[in-house]
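Student: I should like to take a close look at one part of this protein, namely the way its helices pack against one another. Could you please guide me through that part in a connected account?

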Amino acid sequence: MKKIFFGSASLCLATFLAACGSEESTTGTESAEGGAGVSGSLDFYTSQPDADAQALVDAFKEQNPEVDISIFRSGTEEVVSKIQAENQGGNIQADVLLVADSVTFENFKAEELLLAYESPEAESIDEAFVDPDGTYAGTKIMATGLIVNTNEVTEIPTSWEALTDETTSGQAVMPSPLYSGAAAYNLGVMTRQDGMGWEFYEALRANDITITQGNGAVLESVATGDKNYGVIVDYLAARAKSEGSPVELVYPEEGVPVITEPVGIMANTENEEASKAFVDFILSKEGQQLASEQGYTPIREGVEAPEGLKTLDEMTILDAEAVELLETRDEDKAKFGQIFGQ
C-alpha cells in the first residue's frame, strides 16, 4: 500500500487496495438500515456548487423517492457560521453536512455536534480519509493549484512564485479564507511550509493580488480574461477546460494542498435512518462514479478519475498537522485579514 505521510501528526493520504471487491459492494439505501424504505425530510448543508449538490440529491432520490431533501448551499465559512448560530439558538436545522475540509469537522466533533456512524461503504475507503470515531469521512480528492488564461499567457508557469513575480502584478486572483473553507485550509498549510510561510501571503499582497469570495469567482475572473492567473481547486479548472474555456490547470512543482470534502451527520438529526442512507450513497461506488462524472477525483478505490486531473500518487502534497490547523484557524484568518485589510 502506497502512503503519503503528513508531518508530525502522522496523518496520511494514500491510494488504497480495497478489501472488498466491487461485486460485494452495496450502494446507498441497500446498506442503510431499512434499505429502500427510508422516507421523511432532510436538510442538507453543503459548500458544493449548486448544480453538483442538486445532482447528488437527485441521484439519491431516484432510489429513495420518499425522502424530501432541502439544500442550503454557501461557502464553507458561511455554512459553519449558520450552524453555529443555529446551535446557539438551540436548534440546528442541518441533518447532513458536506463541506470543504476535515479541520471543520474536527471542530464540530470537539463540540459534540456530530453523530458517530460507521458507514459500511467507508470500508472501501482508505482509513486515512475516515475519522476513526466515525463522525465523518472524505468524499473526494481535491487539490488546489493554479489556473491560467491561455489566451493571455503564452508561457505556462510551473511554480507558485508566478503569483509573486512583479511581471504579474495585479493579474492574479484568489479565494478568501474568510469565506472559502478550502482557502482557509490552504492558508494554514501554506503558511507552515518552508520557503512559503506568511512571507508568501505578504508577497501576494505586495503584488496586488485580488481577493474574491470563492473558487467559482476565481474561475469566472480568469476564464473571462479579467485576470490571467488564479488560485483554484483543481476540478473547477479541469471542468472549465473540458467545456472549452481558454484555461490551463497547473499543479505547482513545490506541491499542492489537498482536501477531501468530508460528509457527516449532525448529532441532533430528526431522521437518522435517511441521513445514514444518504451518507452511504455518497460513499458508495455509484455515488463515487457520480463524483467522477461531475469532474472530481473519487476517494474510493476502483473508480477512475476524470480526464485532466492528477491522481493522488501523481501529486506532491503540501501537508500540516491537522490539530494545529484547528487550533490556529481563527488566528490564521485574523492575520490574513490584517495583511489584506479585510
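Tutor: The account below begins with the whole protein and then turns to its helix contacts.

The model is a predicted one. It contains 11 helices and 14 strands. Of the 342 residues of the protein, 56% count as buried. The accessible surface amounts to about 14,600 Å², and carbon and sulfur atoms account for 42% of that surface. If one takes the contacts between residues at least 6 apart in sequence, 77% of them join residues at least 24 apart.

Before we examine particular helices, a general point is useful. Two packed helices are described by the angle between their axes and the distance between the axes.

Let us begin with helix α11, which spans residues 322-340, and with helix α5, which spans residues 181-190. Their axes come within 9 Å and cross at roughly 95°. The two helices are therefore roughly perpendicular to each other. On the side of α5, the contact is made by G181, A184, Y185, L187, G188 and V189; on the side of α11, it is made by L325, R329, D332, K333 and F336. Sorted by character, the residues of this contact comprise six nonpolar, two polar and three charged.

One of these residues, R329, deserves separate attention. R329 lies in helix α11. Is R329 buried or exposed? Its relative accessibility is 11%, and because buried means under 20%, R329 counts as buried. Apart from its neighbours within four places in sequence, R329 is in contact with E77, D101, V103, T104, G181, A184 and Y185. Of these partners, G181, A184 and Y185 also belong to the α5 side of the helix contact described above.

Helix α11 also meets helix α6, which covers residues 197-206. The axes of α6 and α11 come within 10 Å and cross at roughly 30°. That angle makes α6 roughly parallel to α11. The crossing is right-handed. Here W198, Y201, E202, L204 and R205 of α6 meet D332, K335, F336, I339 and F340 of α11. The residues of this contact divide into six nonpolar, no polar and four charged. D332 and F336 of α11 take part in this contact, and both are also named in the contact with α5.

Which residues of α6 are buried? They are G197, W198, F200, Y201 and L204. What covers them includes β8 (172-175), α5 and α11. A general feature of helices is helpful here: an α-helix has 3.6 residues a turn, so residues three or four places apart point the same way. After α6 comes D208, whose phi is positive, near 60°.

A further pair of helices may be set beside these. Helix α2 (residues 50-63) and helix α9 (residues 272-283) have axes that come within 10 Å and cross at roughly 115°. That makes α2 roughly perpendicular to α9, and α2 passes α9 in a right-handed crossing. The contact involves L56, V57, A59, F60 and Q63 of α2, together with A274, A277, F278, F281 and I282 of α9. By character, the residues of the contact are nine nonpolar, one polar and no charged.

In summary, α11 is roughly perpendicular to α5 and roughly parallel to α6, while α2 is roughly perpendicular to α9.

Terms used
Residues numbered from 1 in each chain as written. Predicted model: local features only at pLDDT ≥ 70, side-chain atom pairs only at ≥ 80, totals over all residues. Heavy atoms only, no water. Axes fitted to C-alpha atoms, helices over the stretch in contact; angles between N-to-C directions. Helix = DSSP H or I, 4+ residues; strand = E, 2+ residues; numbered from the N terminus. Parallel < 35°, antiparallel > 145°, perpendicular 65-115°, else oblique. Contact = heavy atoms within 4.5 Å. Nonpolar A, V, L, I, M, F, W, Y, C, P; charged D, E, K, R; others polar. Buried < 20%, exposed > 50% of the residue type's maximum accessible area, 1.4 Å probe, protein only. Areas by Shrake-Rupley, 256 points an atom, 1.4 Å probe, with all protein chains shown as cover. Left-handed = near helix turned anticlockwise from the far one by under 90°.
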